[in-house]
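Here are a few exercises to work through with the viewer open. Try each one yourself before reading the solution.

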Amino acid sequence: MEDRKKLEQLVNQLNAYQQQAEVLQQQMEGLNVTITELTIAEETLAAIKGKDNAETLVPIGAGSFLITELKNTDEVIVGFGAGIAAKKKIGDAEESIAEQKKELEGVMKNMTDNLQKITDFIVKKSPEAEALLQKVEAGESQ
């Protein structure tokens, strides 16, 4: 009877860790999207820096774009989250975006480390759960 109780606790623990791993993976996917957007912003700022009157495409939705001419590449509007944005010089904007990206990459590393710890625990404990299950099933068949 004690083996059955131990098995139940271990299975519950493994299920909880599995759910945590799934939540972490979803959060990491969202974080990857944000990091990719920041990378695109960095590349775009570098490409337009000092190029007034250059043509560019502006997305208007549904995969459609307007062809426009850049009038001012000295300043951009930078979003900070929570609906807050500010006008910044291109160099300052590049710094802000680089800082945001670096911070998010640090968060991503922590999440990756946590996911690895959870995965290691699951891999380590799964054979123990399997052995207990076989022991409990063998005890019931006698």
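**Exercise 1. Which residues of helix H1 are buried, and what span should the helix have?**

Keep in mind that this is a predicted model. Start with the burial list: in H1, the buried residues are Leu7, Leu10, Leu14, Ala21, Leu24, Met28, Leu31, Ile35, Leu38, Leu45 and Ile48. Now look at the numbering with helix geometry in mind. An α-helix has 3.6 residues a turn, so residues three or four places apart point the same way. Leu7, Leu10 and Leu14 are among the buried residues, as are Leu24, Met28 and Leu31.

Next, the span. H1 has 47 residues, and at 1.5 Å a residue these should cover 69 Å. The C-alpha atoms at the helix ends are 69 Å apart, so expectation and model agree.

Finally, see what happens at the end of the helix: just after H1, Gly50 adopts a positive phi of about 75°.

**Exercise 2. Take Gln27 of helix H1: how exposed is it, and how far is it from Ala85 in space?**

Gln27 sits in H1, but it isn't on the buried list. The cut-offs you need are under 20% relative accessible area for buried and over 50% for exposed. Gln27 comes out at 42%, so it counts as partly exposed.

For the distance, go C-alpha to C-alpha: Gln27 and Ala85 are 24 Å apart, with a sequence separation of 58 residues.

**Exercise 3. Find the largest nonpolar core. Which residues touch the most other members, and which element supplies the largest share?**

The core has 27 residues, and Leu14, Leu31, Leu45 and Val76 are the ones that touch the most other members. Three elements each put in at least two residues: helix H1 (2-48), strand S3 (75-81) and helix H2 (90-141). H2 gives the largest share, with 13 residues.

Now zoom in on Leu45. Skip its neighbours within four places in sequence, and its contacts are Val76, Ile90, Ala93, Glu94 and Ile97. One of these, Val76, belongs to the group that touches the most other core members. As a general backdrop, nonpolar side chains in soluble globular proteins tend to be buried together.

**Exercise 4. Describe how strands S1 and S2 pair, and say how many residues of S1 are buried.**

S1 and S2 run antiparallel to each other, paired over six bridges. For one concrete pair, Thr56 has Thr68 in S2 as its bridge partner. The two strands make a hairpin with two residues between them, and Ala62 in the turn has a positive phi of about 55°.

As for burial, S1 covers residues 55-61, and zero of its seven residues are buried, which leaves the strand hardly covered.

**Exercise 5. Thr73 and Leu70: buried or exposed, and what does each one touch?**

Begin with Thr73, in the loop between strand S2 (64-69) and S3. Its relative accessible area is just 2%, so Thr73 is buried. The Thr73 side chain reaches the backbone nitrogen of Gly50 at 3.4 Å, and that of Lys51 at 3.4 Å too. Beyond four places in sequence, the contacts of Thr73 are Ile48, Lys49, Gly50, Lys51, Asp52 and Ile90.

Leu70 is also in the loop between S2 and S3. At 19% relative accessibility, with the buried cut-off at under 20%, Leu70 counts as buried. Outside its four-place sequence neighbourhood, Leu70 is in contact with Ile48, Lys51, Asp52, Asn53, Ala54 and Thr56. For distance, take Leu70 and Ala93: they are 23 residues apart along the chain, and their C-alpha atoms are separated by 17 Å.

**Exercise 6. What order do the elements come in, and what is the radius of gyration of the protein chain?**

Count first: there are two helices and four strands. From the N terminus on, they run α-β-β-β-β-α.

Then size. A compact globule of 142 residues would have a radius of gyration near 14 Å, but this protein chain has 25 Å. Along the principal axes, the C-alpha atoms fill a box of roughly 85 × 30 × 25 Å. To finish, 21% of the 142 residues count as buried.

How values were computed. Residues are numbered from 1 along each chain as its sequence is written. This is a predicted model: local features need pLDDT of at least 70, side-chain atom pairs count only at pLDDT 80 or more; totals for chains, interfaces and linings use all residues. Side-chain values use heavy atoms; hydrogens and water are left out. A nonpolar core is a set of buried Ala, Val, Leu, Ile, Met, Phe, Trp, Tyr and Cys residues joined through side-chain atoms within 4.5 Å. Buried means under 20% relative accessible area, exposed over 50%, partly exposed in between (1.4 Å probe, protein chains only). Contact means heavy atoms within 4.5 Å. A polar contact is a pair of N or O atoms within 3.5 Å; within protein, one must be able to donate a hydrogen and the other to accept it, and residues adjacent in sequence count only if both atoms are side-chain atoms. The expected span of a helix is 1.5 Å times one less than its number of residues. Two strands pair if DSSP finds at least two bridges between them. The radius of gyration is taken over C-alpha atoms; the globule rule is 2.2 Å times the number of residues to the power 0.38.
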